[in-house]
Amino acid sequence: MQANGAPQDTDAEESCRNGTQNGEPSSAVTAHTNGLTVNNNGNTVVNINNNQQPAGNNGNSVSDGVTKKKRLSPGEEDVIRLVGQHLHDLGLNQTVDLLMQESGCRLEHPSATRFRNHVMEGEWDKAESDLNELKALMHSPSAIVRMKFLLLQQKYLEYLEDGKVLEALQVLRAELTPLKYNTERIHVLSGYLMCSHAEDLRSKAEWEGKGTVSRTKLLDKLQTYLPPSVMLPPRRLQTLLKQAVELQRERCLYHNTKQDSGLDSFSNDGTKLATGSKDTTVIVWHIDTETQQLKLMKTLEGHAYGVSYLAWSPDDTYLIACGPDDCSELWLWNVQTGELRTKMSQSHEDSLTSVAWNPDGKRFVTGGQRGQFYQCDLDGNLLDSWEGVRVQCLWCLNDGRTVLASDTHQRIRGYNFEDLTDRNIVQEDHPIMSFTVSKNGRLALLNVATQGVHLWDLQDRVLVRKYQGVTQGFYTIHSCFGGQNEDFVASGSEDHKVYIWHRRSELPIAELSGHTRTVNCVTWNPILPGLLASASDDGTVRIWGPAPFLDVQEGEGLNECCSMDS
């Protein structure tokens with residue numbers, strides 16, 4: 001009887017029985033393990049030996065001489081696949097085969113294996129056919145168009161490099177254009193027909209040329225659309241181990257750490273202020289634009305991990321709350337009704353600590369320091385994902401396509417989900433703890449560990465100014481633009497103060513005292529240019545406004561007009 005439940009193989013069993021009794025191994029036998037014999041076709045049969053007693057109660061059920069393998073949990077299967085991929089990368093293929101055979105797992109889906117091989121061999125028609133098989137295994141079937149676009153783009157470029165202009169033109173007209181996807185990119189691709197030689201093509205297309213390097217990069221992009229259960233991302237085990245080490249270092253008392261317990265955010269219309277902390281609640285306050293007084297509007301409860309980040313939707317209908325590093329969930333609230341629309345989590349291993357709304361108000365991106373970020377709809381459905389990025393802070397630009405993400409490599413990169421391109425925009429020498437972008441998308445304000453607040457021009461990719469006075473260590477502090485035409489900059493500080501600068505001056509024009517611990521977040525009202533809110537580790541949110549006019553000498557600066565518990 002076969003252990004996998006297939007019909008009984010009497011010949012193999014008889015051969016095994018005879019071989020054992022005569023003291024001569026049967027030709028069908030290749031290995032003996034725990035009283036079981038594995039034949040050369042990979043099936044497991046019973047080794048009947050009078051000198052060997054049936055196994056006792058050792059965790060495996062025994063019935064009629066057949067040992068049933070322990071059923072592995074999904075988590076255990078994932079570990080085996082990670083180990084298998086790492087061993088495969090080391091060239092230990094026989095070990096991998098034995099591991100997969102004994103565990104009953106497979107390294108990746110057979111369709112994914114064929115797809116990988118066809119991509120690396122440049123067999124584009126076969127790779128495109130493989131996509132149809134993979135479509136049913138994908139979380140987002142609509143992504144098949146994007147994957148096909150990437151395949152055909154590579155096919156087109158390789159034809160051009162080989163001098164097969166007519167074939168390339170046929171791909172452009174008959175295959176790429178009918179997809180009706182990313183027409184702007186198709187126009188760019190058509191311009192490459194004018195390249196005079198291969199080097200000119202590679203230079204203009206910023207492409208490595210036909211071969212293993214460009215196809216490997218293509219495969220890495222394609223894998224972002226496939227769930228890990230179908231095809232593991234490259235070097236997955238090394239990536240996860242590195243992330244685990246960095247996470248332990250961040251939480252160690254003898255390394256620099258960050259602990260945020262207060263934050264605030266004005267709505268886009270300036271009539272509401274949301275405050276949150278680690279007490280598991282978010283409070284929404286209504287602002288009287290005439291008197292600039294605040295009144296409690298809603299209390300949103302149930303954030304079990306506490307709240308570390310808040311983001312209003314463009315029309316202020318929704319508010320998203322994120323938790324700290326060990327939180328794998330985010331909450332999307334309808335502010336008017338106080339109802340929770342979505343509680344989202346892609347995986348219990350995720351860390352969703354940052355979020356940014358797309359300008360269309362129908363999508364948002366979220367991620368954290370576990371190695372990926374996602375694009376989702378209002379119901380929390382996954383639209384896209386980007387692997388291999390440990391996110392500290394996110395921002396969506398006004399073009400609706402570009403996502404800015406600061407990561408653990410002390411940089412800000414731009415990611416485009418449509419054509420799966422990414423580029424370096426800002427590179428600092430120290431960790432970027434947070435950043436915010438001006439309304440026109442031209443300037444970025446960075447809080448940089450041990451350095452303070454830096455102003456960058458995103459278009460020219462240059463550091464414009466370093467603001468002085470603020471104390472910035474490894475706490476996450478959120479600064480902001482504000483005032484008329486966003487002419488001013490404000491930031492919290494670890495010396496318990498709020499600092500304000502004119503955007504064009506490095507020296508502060510005001511220092512606001514009152515908090516008793518680190519000020520984590522400062523937000524400027526977008527409609528009322530004289531209204532500023534600050535949140536602190538002391539558990540309070542303070543509202544600041546213009547100082548009362550007394551005389552010329554005393555009338556400068558801002559003055560606190562309200563203080564409340566967060």
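Hi everyone, let me start with one leucine: L134 touches S111, A112, F115, L226 and V230, leaving aside residues up to four places away in sequence. This is a predicted model, by the way, so please keep that in mind.

L134 sits in helix α5, and at 0% relative accessibility it counts as buried, because the cut-off is under 20%. Take one of its partners, A112: the two are 22 residues apart in sequence, yet their C-alpha atoms are 7.2 Å apart in space.

Now let's widen the view. Which residues have the most contacts inside the largest nonpolar core? They are F115, V119, M147, L151, L222, F373 and L394, in a core of 33 residues. You'll recognise F115 from the list of residues that L134 touches. Helices α4, α5, α6 and α10 each give two or more residues to this core, and so do strands β18 and β19. The core also draws at least three residues from each of domain 1 (108-231) and domain 2 (272-544).

On the domain 2 side, have a look at F373. Beyond its sequence neighbours up to four places away, F373 touches T366, G367, S385, W386, V389, V391, L394, V403, Y415 and F417. Apart from the largest core lies another one, of 27 residues, including V282, L310, A321 and L528.

Last, the annotation. An unreviewed UniProt entry lists residues 265-295, 300-331 and 512-544 as "repeat: WD". In the model, 265-295 is 0% helix and 55% strand, with its end C-alpha atoms 15 Å apart. For 300-331, the figures are 0% helix and 41% strand, and the end C-alpha atoms lie 10 Å apart. Thanks, everyone!

Terms used
Residues are numbered from 1 along each chain as its sequence is written. This is a predicted model: local features need pLDDT of at least 70, side-chain atom pairs count only at pLDDT 80 or more; totals for chains, interfaces and linings use all residues. Side-chain values use heavy atoms; hydrogens and water are left out. A nonpolar core is a set of buried Ala, Val, Leu, Ile, Met, Phe, Trp, Tyr and Cys residues joined through side-chain atoms within 4.5 Å. Buried means under 20% relative accessible area, exposed over 50%, partly exposed in between (1.4 Å probe, protein chains only). Helices (H or I, at least four residues) and strands (E, at least two) are DSSP runs, numbered from the N terminus. Domain bounds come from an automatic or database domain assignment. Contact means heavy atoms within 4.5 Å. UniProt positions are given in the numbering used here, feature names are shortened, and annotations may be inferred rather than shown by experiment.
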